[in-house]
Amino acid sequence: MADDLAGSLSAVRLTEFWRRMDEQFGAAYARSVAKDYVIAGLGGRTVEQAFADGDDAKSVWRAVCVAFTVPEQLR
């Protein structure tokens, strides 16, 4: 049961990540940013690569915020 809860929490965090990306960049451009931009704060990886490697949504979002100077109210 704990694994089910952990999985659902991960899904919620990922949903929140994409909501914030859409707010910051717009829905279409957010996907492009995730696929195409190499971010130093992610060790020279893209958002997609970081997620594929198992990075959590919160740390990926923090790296995006730094790389793109996301306004404080959206962090």
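**Entry 1: salt bridges in H1**

I began with what counts as a salt bridge here: a side-chain nitrogen of Lys or Arg within 4 Å of a carboxyl oxygen of Asp or Glu. Helices, for their part, are DSSP runs of at least four residues, numbered from the N terminus. I also noted for myself that this is a predicted model.

With that rule in hand, I found 6 salt bridges. I looked at arginine 19 and glutamate 23, whose side chains meet in a salt bridge of 2.1 Å, N to O. Both residues lie in helix H1, 4 residues apart, about one turn of the helix. An α-helix has 3.6 residues a turn, so residues three or four places apart point the same way.

Next I turned to glutamate 16. Its salt bridge with arginine 19 has the closest N and O atoms 2.4 Å apart, and these two lie 3 residues apart in H1. I then checked arginine 20, which also forms a salt bridge with glutamate 16, the closest N and O atoms being 2.8 Å apart. That pair sits in H1 as well, 4 residues apart.

Which residues do the shared partners join into one network? I wrote down Glu16, Arg19, Arg20 and Glu23.

I looked up accessibility for each of them. Glutamate 16 is partly exposed at 28%, arginine 19 is partly exposed at 38%, arginine 20 counts as partly exposed at 23%, and glutamate 23 is partly exposed at 45%.

**Entry 2: the largest pocket**

I went to the largest pocket next and noted a volume of about 170 Å³. Of the 10 residues lining it, the closest to its centre are Glu16, Arg20, Ala57, Lys58 and Trp61. So two members of my network turn up again here, Glu16 and Arg20.

Which elements give two or more residues to the lining? They are helix H1 (2–25) and helix H4 (57–68). The largest share, 5 residues, comes from H1. I also sorted the lining by class: 4 residues are nonpolar, 6 are charged and none is polar.

**Entry 3: aromatic rings**

A search of the whole structure gave me 7 aromatic pairs. In one of them, phenylalanine 17 and tryptophan 18 are edge-to-face, 5.1 Å centre to centre with 85 degrees between the planes. Phenylalanine 17 is buried, with a relative accessible area of 2%.

I noted another edge-to-face pair, phenylalanine 25 with tyrosine 29, at 5.9 Å centre to centre and 65 degrees between the planes. Is each partner buried or partly exposed? Phenylalanine 25 is buried at 15%, whereas tyrosine 29 counts as partly exposed at 39%.

I also found one aromatic cluster, formed by Phe17, Trp18, Phe51 and Trp61. Trp61 is familiar from the pocket, where it is among the residues closest to the centre.

**Entry 4: the two sides of H2**

For helix H2 (residues 27–36), I listed the buried residues: Ala30, Val33 and Ala34. They cover an arc of only 95 degrees around the axis, which puts them on the same side of H2. On the other side of H2, I found Ala28 and Lys35 exposed.

**Entry 5: an unusual phi**

Last, I checked backbone angles. Most residues other than glycine have a negative phi. Threonine 69 caught my eye with a positive phi of about 45 degrees, although it is not a glycine. Threonine 69 is found in the segment after H4 and is exposed, with a relative accessible area of 63%.

Technical notes: Residues numbered from 1 in each chain as written. Predicted model: local features only at pLDDT ≥ 70, side-chain atom pairs only at ≥ 80, totals over all residues. Heavy atoms only, no water. 1 Å grid on protein atoms, 1.4 Å probe; cavity = no way out; pocket = protein on both sides within 12 Å on 5 of 7 lines; lining within 4 Å. Points joined across faces, edges and corners; volume = space filled by probe spheres on them. Nonpolar A, V, L, I, M, F, W, Y, C, P; charged D, E, K, R; others polar. Buried < 20%, exposed > 50% of the residue type's maximum accessible area, 1.4 Å probe, protein only. Arc of directions from axis to C-beta. Phe/Tyr/Trp six-rings, centres within 6.5 Å; stacked < 30°, edge-to-face > 60°.
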